[in-house]
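I opened this entry to log what I looked up, topic by topic. The structure comes first, then my notes.

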2 protein chains.
Amino acid sequence: MVDKTLRDILQAHGLKATFQRLSILEYLMTHETHPTAEMIHADLSNISLATIYNTLDKLVDVGIIIVIDTLKDDKRHYDYYGEPHYHIINSNTNEIIDADNFDVAPLFEAARQVSGLNITGFHIEIYGVEADQAK
Amino acid sequence: MVDKTLRDILQAHGLKATFQRLSILEYLMTHETHPTAEMIHADLSNISLATIYNTLDKLVDVGIIIVIDTLKDDKRHYDYYGEPHYHIINSNTNEIIDADNFDVAPLFEAARQVSGLNITGFHIEIYGVEADQAK
DNA sequence: TCCCTCTTTTAGAATTATTCTAATTTAGTT
DNA sequence: AACTAAATTAGAATAATTCTAAAAGAGGGA
C-alpha cells in the first residue's frame, strides 16, 4: 500500500513507476535528512549514480521534491515537498529545519502585483544563529 | 564620491579597499543583471577570474551581496543586497525581478518561534509563469 | 499473456564551474 | 619609506554533475 501510494504519486505526475524511482521517492519521503545525490547513492547502492541524478531531476521537474542549494557545502540537497513549507537554516551547524507555520498567500499576492505573473511556487530560506551567539 | 561610498561600504565590513573589490562592488551596484562570475569577468577582464570568485565570496560572507543559485543554468548568480528584498523568477524566461513590497517581520517571528534561533537573514524566491500560459 | 515501442537505466567518460597553490603584489600602518 | 599581513594572480586541480550510447524494462495493445 505504501508502494501503491508511491506508484500513484509517480503516475499522477506522468512518470513511469520504475523500481529505482519508487525506491528514491520512498527514501526521500522517509528521511528528514535533506540528502544529496551521493548520500542517497550511499544508502541505495544498487541504483547507479546516474539514475539517482536523472530521477532527482525528474522529481524536481514535476514538483514532487525541491532543491536546496544554498548550503555552504556546495552540494545540492533534496527535500520531499508533499506539503509546501519553508526552511530555517542554522548557520552555525547547517542544520535544515522544515516549518510551515506561515501563510504564504499575502506574499504570493504581493509577487503577483509586482510581476503580473501567475505564481506557481516558492522557496523560502530563513537563516539564523543560536540565540546566545547572535552578536 | 562614488568611490568614497564604495570604500566606506567595504571598510564598514572590515574589507580592504582594493581596486578589484571597488570595481566588482561598483559593477554589482550598477547592474541589475544578477550576473555570474564569468559575466563579471567578461566585463572586468583586467581582473583575474580567481579574484572575481574570491571577492564575491568575501562580499557574500559579509552580507553585501547574495547568491541566487536556483536557476536552471546551474551557475551562481550574484545580487547586490543593499536593501533586503525578495526575488520573483519567471520560469519561462529565467528572468529575475527584485521586489520589496512585503514585510518579512511576521515570517521572521514565525521562524524564531519554531527554531528558537536568532534570525539573521532570508532568501525568498517566488516562481511564476506568464499569466496566459499558467495552465 | 506476449509482443512492441518508447522510456529508463547504466558504467564510465567528459565537462565545467569553482577551488586550490604558491609566488608576487599591494593596502594600510608605523 | 619600510613593514607585514592580506590580496591578487595564472594555471593546475578538484569534484559535482552531465553526457553517451548500449542494454534492460514498463506498460499498452492484440
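**Entry 1: the DNA side**

I started with the surface near DNA strand C, where helix 4 of chain A gives the most, with 5 residues. I note that this is a predicted model.

I then listed the neighbours. I found 22 residues around DNA strand C. The closest are A:Thr18, A:Gln20, A:Ser48, A:Thr51 and B:Tyr53. I also checked which part of the strand faces the protein. Sugar and phosphate make up 85% of the atoms of DNA strand C that come within 4 Å of the protein.

Next I looked up contacts to phosphate oxygens of DNA strand C. I logged three of them:

- A:Thr51 places a side-chain N or O atom 2.7 Å from a phosphate oxygen of the strand.
- A:Arg21 has a polar side-chain atom 3.1 Å from a phosphate oxygen of the strand.
- A:Ser48 uses a polar backbone atom, 3.2 Å from a phosphate oxygen of the strand.

I asked which elements give two or more residues to this surface. From chain A, they are helix 2 (19-30) and helix 4 (49-62). From chain B, they are helix 1 (2-12) and helix 4 (49-62).

I sorted the surface near DNA strand C by class as well. I got 9 charged, 8 polar and 5 nonpolar residues.

**Entry 2: salt bridges**

How many salt bridges does a search of the whole structure find? I got 4 over all chains. I wrote up three of them.

I took A:Asp74 and B:Arg76 to begin with. Their side chains form a salt bridge, at 2.7 Å from N to O. This pair crosses between chains. A:Asp74 sits in the loop between strand 1 (65-68) and strand 2 (77-80) of chain A. B:Arg76 sits in the loop between strand 1 (65-68) and strand 2 (77-80) of chain B. I checked exposure too. A:Asp74 is exposed, at 56% relative accessible area. B:Arg76 is partly exposed, at 33%.

I then took B:Asp74 and A:Arg76. Their closest N and O atoms are 2.7 Å apart, in a salt bridge. Why does this pair join two chains? B:Asp74 lies in the loop between strand 1 and strand 2 of chain B, and A:Arg76 lies in the loop between strand 1 and strand 2 of chain A, so the link runs between two chains. B:Asp74 counts as exposed, with 55% relative accessibility. A:Arg76 is partly exposed, with a relative accessible area of 33%.

I ended with a pair inside chain B. B:Glu109 and B:Arg112 form a salt bridge, with their closest N and O atoms 2.9 Å apart. Both are in helix 5 (residues 105-115) of chain B. They are 3 residues apart there, so about one helical turn separates them. I have B:Arg112 as partly exposed, at 39% relative accessible area. B:Glu109 is also partly exposed, at 33%.

**Entry 3: how the two chains relate**

I looked up the superposition of chain B on chain A. A rotation of 180 degrees does it, with 0.0 Å of shift along the axis and an RMSD of 0.1 Å. That is the relation of a two-fold axis. I also asked which C-alpha of chain B is nearest the axis. It belongs to B:Ile124, 2.3 Å from the axis.

My last check was the interface. 100% of the interface residues of chain B are interface residues in chain A too, so the copies meet through the same surface.

Note on methods: Residues are numbered from 1 along each chain as its sequence is written. Chains are lettered from A and ligands numbered from 1 in the order in which they are written. This is a predicted model: local features need pLDDT of at least 70, side-chain atom pairs count only at pLDDT 80 or more; totals for chains, interfaces and linings use all residues. Side-chain values use heavy atoms; hydrogens and water are left out. A residue is near a molecule or strand if one of its heavy atoms lies within 4 Å of it. A polar contact is a pair of N or O atoms within 3.5 Å; within protein, one must be able to donate a hydrogen and the other to accept it, and residues adjacent in sequence count only if both atoms are side-chain atoms. Helices (H or I, at least four residues) and strands (E, at least two) are DSSP runs, numbered from the N terminus. Ala, Val, Leu, Ile, Met, Phe, Trp, Tyr, Cys and Pro count as nonpolar, Asp, Glu, Lys and Arg as charged, and the others, Gly among them, as polar. Buried means under 20% relative accessible area, exposed over 50%, partly exposed in between (1.4 Å probe, protein chains only). Copies are superposed by least squares on the C-alpha atoms of residues with pLDDT of at least 70 in both. Contact means heavy atoms within 4.5 Å.
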